[in-house]
Amino acid sequence: MTAAGIGRPAVLHPARGEHRWPSALAVAVAILLQLLLPAPMVPQGRYLLPMLELALLVALIIANPFRMNRESGALRVAGLGLTALVGLSNGWSALLLAARILEGEYAAGPAALLGTGGAIWLTNVLAFALLYWELDGGGPGARVSGMPTVPDLAFTQTQSPELATADWRPEFVDYLFVAFTAGTSFGPTDVAVLSRRLKIAMMTQVAVALVVVVLVVARAVNVLG
């Protein structure tokens, strides 16, 4: 018998939907970080992408403000679109920062450089946490009906149900942890990445994080030296 008590892990069975607020808070923080970046580190039309992200976030909250207990094609598209905008805006900022450092045009001091790099790195974590959360098992709406037997990410609790409570299932904070550890260790830690789409997503996250960390640290050391 498993922790669910009926022969299968609890995560495979229907359950109540997740609360909206953790993912909404992550998007709000990402938007704030984008708005705080120096002007040369953001795409032209500084407020366009953040405002589009905010508009989609408000629409999602209005459409489904509390628990995500239902799957909707429109909500699914809006959620993926919001995630793509956050990732696109931050990836653009990472490229702008890298280009200015490599061309020797970044004139700000090491504190400003570390702050800018840190904001881009953290936004990268939030963007990919949202992406993993949106893709794994078909997204939060689909996971309400039970995770597929072969998910995109295999958490320790799903592989060893005896280590989890009877009602455990992955929620946004678990995907945030996956993204954070991938951004700090440059690879997965306590999860197995099973699907090709999540492998590509994690490689992209690690590549962005590696470029930002290496270039920012190297430039800061050079300035201090």
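Helix α7 covers residues 172–185, and its length works out nicely: at 1.5 Å a residue, its 14 residues should span 20 Å, and its end C-alpha atoms are 20 Å apart, which agrees. (The expected span is 1.5 Å times one less than the number of residues.) Keep in mind that this is a predicted model, where local features need pLDDT of at least 70, side-chain atom pairs count only at pLDDT 80 or more, and totals for chains, interfaces and linings use all residues. Residues are numbered from 1 along each chain as its sequence is written, and side-chain values use heavy atoms, with hydrogens and water left out.

**More on helix α7**

- Several residues of α7 are buried, namely F172, D174, Y175, V178, A179, T181, A182 and G183. Buried means under 20% relative accessible area, exposed means over 50%, and partly exposed is in between (1.4 Å probe, protein chains only).
- An α-helix has 3.6 residues a turn, so residues three or four places apart point the same way.
- Right after α7 comes F186, with a positive phi near 60°.

**The overall layout**

- The protein has eight helices and two strands. Both are DSSP runs numbered from the N terminus: helices are H or I with at least four residues, strands are E with at least two.
- Reading from the N terminus, the order is α-α-α-α-α-β-α-α-β-α.
- There are 225 residues, and 46% of them count as buried.
- About 10900 Å² of the protein is exposed, and carbon and sulfur atoms supply 69% of that. These areas come from the Shrake-Rupley method with a 1.4 Å probe; for residues, only the protein chains shown count as cover.
- Take the contacts between residues at least 6 apart in sequence: 73% of them join residues at least 24 apart. Contact here means heavy atoms within 4.5 Å.

**The nonpolar core**

- The largest nonpolar core has 55 residues, and those with the most contacts inside it are L97, I101, L113, Y132, L153, F155 and M202. Such a core is a set of buried Ala, Val, Leu, Ile, Met, Phe, Trp, Tyr and Cys residues joined through side-chain atoms within 4.5 Å.
- Elements giving two or more residues to this core include α1 (21–36), α2 (48–63), β1 (153–155), β2 (191–193) and α8 (196–224).
- Helix α4 gives the most to this core, with 13 residues.
- Not counting residues up to four places away in sequence, L97 touches M41, Y106, L113, T116, G117, I120 and V216.

**Two salt bridges**

- A search of the whole structure turns up two salt bridges. That means a side-chain nitrogen of Lys or Arg within 4 Å of a carboxyl oxygen of Asp or Glu.
- One joins E134 and R76, whose closest N and O atoms are 3.4 Å apart. E134 sits in helix α4 and R76 in helix α3, so the pair ties together parts that are 58 residues apart in sequence.
- E134 is buried, at 8% relative accessible area, and R76 is buried too, at 18%.
- The other is between the side chains of R197 and D152, at 3.0 Å from N to O. R197 is in helix α8 and D152 in the loop between α5 (140–143) and β1, 45 residues apart.
- R197 is partly exposed at 40%, while D152 is buried at 7%.

**A look at T83**

- T83 belongs to helix α3 (residues 73–102) and is buried, with a relative accessible area of 7%.
- Leaving aside neighbours within four places in sequence, T83 is in contact with A127, L130, L131 and E134.
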